[in-house]
Amino acid sequence: MNKSMDESRNAPGHDSLPTVFLVDDHELFLAGVRSEIAGAVSVVGTASDVDAAIELIGERVPEVVLIDVHMPNGGGERVIRETLARHPAVQFLALSVSDAPDDVIAIIRVGARGYVTKTIATAELVDAIWRVRAGDAVFSPRLAGFVLDAFAATAPLDLDPELDLLSPREQEVMRFIARGYTYKEVARELVISIKTVETHVSAVLRKLQLSNRHELARWATQRRII
Amino acid sequence: MSRVMRPPLLRDTDRPMVAGVCAGIATHLGVRVRWIRFGFALSGLIGIGVLSYAMAVVLIDGADGTRAPASRIRLQSRTDYFAAAVVTAGTAGLITALAPHLVVVAAVVLLVASLAIVVASLAPDRSDVDRRDIPTWIPPAFHDVLRSVRGSRALVARTAVGVILAAIGILLLLLQSGSWSKLVIASSELALVLAGAGLAFGPWISRLASDLLGERRDRIRDRERGELAAHLHDSVLQTLALVQRNANDAGEVARLARVQERELREWLLHGERATTRHDVFTGAIDAVAAELERANATAIQVVHVRDCPMDALLQPLVDAAREAMSNAQRHAGVDSISVYTEVDPNEIRVFVRDRGRGFDPAAVAADRGGIRESIEGRMRRHGGAAVIRSELGEGTEIELSMRRGASR
């Protein structure tokens, strides 16, 4: 973990600490995360409701926003939608206690670059922030599981192979992530570079966001019995 | 203009003659009750008084706190009272004028009643229809139609009753008139009365209907809240109490929190059905993981892809997976291990992985009977396979696979 974090940090153009904005309606959690990641990233602000978040993010334009999915008044989805409309360069990483497929896939589809649960270890969270800042995608094992579930469903007739199917390689990468492998470990197993793993994961993220399969979440929820 | 502060208009339930309307009005207006009673009695002779009194009983709350049947209609301003009075007087006048046509009146009442029923049942409320009820083979385009039909079997019945009532009314009307000219006159009368009644009572009826629906929604919400409260009380509050008692034991606190998290998550995702998932393979694996997590502080993160029905032939696979998880918990020396299951049409695979201290698989021949017997042996005997990859300091992954159909 720490090694791959160092690698992201050494990527060209990204040697400064990422500027991070935190949005969560639980003040206690906000304070906890803030103090945990304080040294490894630069926290430029926090907000505990949707409207304040949209305003402050627009003002401070951080590189990465850690965003809670469930909030009154539109939730993380609204913050992402309204911010990306004006500041498309801001990257969002969803951080939630819920890992219900509907929530996960909905937040990815409005533009989040990744999804992790709140029980994530601090080092892994910091790693995920660096990764998202670099424009890569962050998949938790469970999200990888959802993707495999949703994209393996019987293909619709008006299928677009570019968006509605995973390539064999992408499936392999997703399977490793679902098994709990880090990107570095996946790269070693498949004898490819970490950069290639990142490319595959980003491609899957793009498919997840653009797929015509409107019922992705439902497919992932109703785990098919075969 | 200075406003005189009057006591609120309430039915005086302490000194009623009938329902305390007159006494209440007298108190409110500050006049002697006998004048009010005299007025009602006099107008009662031509019907208006009786109807007004009835309206008052329906509309005005009792002084002892009893709510009037139509208390949701708040008479707040002078205009409201004036409107109520006009409606009452108008209705009474209409009825008096139509008294010779009793059958017509009956038909009108029937029609209005059935219309009211239909309007009330058409009000949009499908909050109680379970969306997930719809079988997956039905194309999504038809879901809305299906939902509305399903959610309203009662609506169909009520509409049918309403139509029948209306038909009877029209039939009565025809029977009574006998000739076309009379029918035309009667129909125009009917139309006038309907229009009047619609204007007077339409908004009231729809408001009443929406209030009733709102109340039902509130009731459902209350019941759900009650269930949630009961569940939280049984589970989360118990765990929080245990956490406080074990505050000095960090490992135990983490274990309790994790067990509670898993249980609550399961409950939120699957609701009451959480207990009935033993008939599927992933349910069996989840149950094992939950049980091992309760016994040992190591967290087990489980990810499933696809599922299949659980049967006795898969039990050895679940047992071997349990052994692998339990081994990792005991020997790897890590906080958490990952479990991944994947069901394919031909094969089921389970991966149990940890980033712990690892071992040399070749060197454990004799002393680690757990792996040799409980995992490799068991899988082989039941037509499956176990592959163990481990490196010192890198962790261990045990891959279990079983062909579907092969062991059948």
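This section describes the strands, helices and selected loop residues of chains A and B in a predicted model.

Chain A contains an open sheet of six strands, arranged in the order S2-S1-S3-S4-S5-S6, and the pairing within this sheet is parallel. Its edges are formed by strand S2 (42-47) and strand S6 (138-139), each of which pairs on one side only. The edge strand S2(A) runs parallel to S1(A), and five bridges join the two. Within this pair, Leu22(A) stands opposite Thr46(A) of S2(A).

Two helices of chain A were examined for their placement on this sheet. Helix H4(A) lies across S1, S3 and strand S4 (91-96) of chain A, and runs at about 160° to S3(A). Helix H6 (residues 122-133) of chain A lies across S1, S3, S4, strand S5 (114-117) and S6, at about 155° to S4(A). S1, S3 and S4 of chain A are thus among the strands crossed by H4(A), and they are also among those crossed by H6(A).

Two loop residues of chain A are of note. Asp25(A) is located in the loop that connects strand S1 (19-23) with helix H2 (27-37) of chain A. Asp25(A) has 17 other C-beta atoms within 10 Å and is classed as partly exposed, because this class lies between the limits of 12 or fewer for exposed residues and 20 or more for buried ones. Leaving aside residues up to four places away in sequence, Asp25(A) touches Ser48(A), Asp49(A), Asp68(A), Met71(A) and Pro72(A). For one of these, Met71(A), the separation from Asp25(A) is 46 residues in sequence, whereas the C-alpha to C-alpha distance is 6.2 Å. The second residue, Asn73(A), belongs to the loop between strand S3 (64-67) and helix H4 (75-86) of chain A. Asn73(A) is not a glycine, yet it has a positive phi of about 75°. Most residues other than glycine have a negative phi. Asn73(A) is exposed, because 11 other C-beta atoms lie within 10 Å, and a count of 12 or fewer defines that class.

Chain B has twelve helices and five strands. Of its 408 residues, 23% count as buried. Among contacts in chain B between residues at least 6 apart in sequence, 65% join residues that are at least 24 apart.

The five strands of the chain B sheet follow the order S1-S2-S3-S5-S4; this sheet is open and its pairing is mixed. Strand S1 (299-305) and strand S4 (384-391) of chain B each have a single partner strand, so one side of each is left without a neighbour in the sheet. On average, neighbouring strands of this sheet are turned by 10° against each other, with direction ignored. Strand S2 (residues 336-343) and strand S3 (residues 347-354) of chain B pair in the antiparallel sense, and six bridges link them. Val339(B) stands opposite Val352(B) of S3(B). Helix H10 (residues 281-295) of chain B lies across S1, S2 and S3 of that chain, and its direction is at about 175° to S1(B).

The edge strand S1(B) is followed by a loop leading to helix H11 (315-331) of chain B, and this loop holds Arg306(B). Arg306(B) has a positive phi of about 60°, although it is not a glycine. Arg306(B) has 21 C-beta neighbours inside 10 Å and therefore counts as buried, the limit being 20 or more.

Helix H1 (residues 21-29) of chain B has several buried residues, namely Val21(B), Cys22(B), Ala23(B), Gly24(B), Ile25(B) and Thr27(B). Just after this helix, Gly30(B) adopts a positive phi of about 75°. The axes of H1(B) and helix H2 (residues 33-44) of chain B come within 8 Å and cross at roughly 130°. H1(B) is therefore oblique to H2(B). The crossing of these two helices is right-handed. At the contact, H1(B) contributes Cys22(B), Ala23(B), Ile25(B) and Ala26(B), which meet Val33(B), Ile36(B), Arg37(B) and Phe40(B) of H2(B). By class, the contact of H1(B) with H2(B) comprises seven nonpolar residues, no polar residues and one charged residue. Of the H1(B) residues in this contact, Cys22(B), Ala23(B) and Ile25(B) are among the buried residues of the helix.

Terms used. Residues numbered from 1 in each chain as written. Chains lettered and ligands numbered in written order. Predicted model: local features only at pLDDT ≥ 70, side-chain atom pairs only at ≥ 80, totals over all residues. Pairing = 2+ DSSP bridges. Helix = DSSP H or I, 4+ residues; strand = E, 2+ residues; numbered from the N terminus. Axes fitted to C-alpha atoms, helices over the stretch in contact; angles between N-to-C directions. Contact = placed C-beta atoms within 7 Å. Parallel < 35°, antiparallel > 145°, perpendicular 65-115°, else oblique. Left-handed = near helix turned anticlockwise from the far one by under 90°. Nonpolar A, V, L, I, M, F, W, Y, C, P; charged D, E, K, R; others polar.
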